[in-house]
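Good morning, colleagues. I should like to take a few minutes to describe one protein, beginning with its surface and then turning inward.

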Amino acid sequence: MPTVTLITEKETLCLHAQKNTLVADFLQREQSPLPMPCAGKGRCGKCRVKACGSLSPVTAEEKNALRADELAS
């Protein structure tokens, strides 16, 4: 089961997510303080998370929304 570490100004939480869960869905379910102006639909491009480990391939939408340095990290 994947582990998600949420780091905020107030605390650091290590939570478990179901495999193949979208990050936005997970954050909404966990009532994360991360603002998601478009409700995690990927339309506004304002949300940013850093992900590592076993990830799905980068989508065309992600390539369009992220800078080259963001994709590299």
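The exposed surface of the protein comes to about 6,300 Å², and 52% of that area is supplied by carbon and sulfur atoms. Please bear in mind that this is a predicted model. As for charge, there are 10 positive and 8 negative side chains, with the centres of the two sets 3 Å apart.

Let me turn to the overall fold. The protein has 3 helices and 2 strands, and their order from the N terminus is β-β-α-α-α. The C-alpha trace extends over about 30 × 25 × 20 Å along the principal axes. How does the radius of gyration stand against that of a compact globule? For 73 residues one would look for a value near 11 Å, and the protein has 13 Å, which agrees.

Next, the interior. Of the 73 residues, 12% are buried. In soluble globular proteins, nonpolar side chains tend to be buried together. Here, the largest nonpolar core consists of 7 residues, namely Leu6, Leu15, Ala17, Ala24, Phe26, Leu27 and Met36. Which element gives the largest share of this core? That is helix α1, residues 23-29, with 3 residues.

Leu15 belongs to that core and merits a closer look. Neighbours within four places in sequence aside, Leu15 is in contact with Pro2, Thr3, Val4, Leu6, Phe26 and Glu30. Two of these partners, Leu6 and Phe26, are listed in the core as well.

Finally, sequence separation: taking contacts between residues at least 6 apart in sequence, 4% join residues at least 24 apart. Thank you for your attention.

Notes:
Residues are numbered from 1 along each chain as its sequence is written. This is a predicted model: local features need pLDDT of at least 70, side-chain atom pairs count only at pLDDT 80 or more; totals for chains, interfaces and linings use all residues. Side-chain values use heavy atoms; hydrogens and water are left out. A nonpolar core is a set of buried Ala, Val, Leu, Ile, Met, Phe, Trp, Tyr and Cys residues joined through side-chain atoms within 4.5 Å. Buried means under 20% relative accessible area, exposed over 50%, partly exposed in between (1.4 Å probe, protein chains only). Helices (H or I, at least four residues) and strands (E, at least two) are DSSP runs, numbered from the N terminus. Contact means heavy atoms within 4.5 Å. The radius of gyration is taken over C-alpha atoms; the globule rule is 2.2 Å times the number of residues to the power 0.38. Accessible areas come from the Shrake-Rupley method with a 1.4 Å probe; for residues, only the protein chains shown count as cover. Lys and Arg count as positive and Asp and Glu as negative; His and the chain ends are not counted. The place of a charge is taken as NZ of Lys, CZ of Arg, CG of Asp or CD of Glu.
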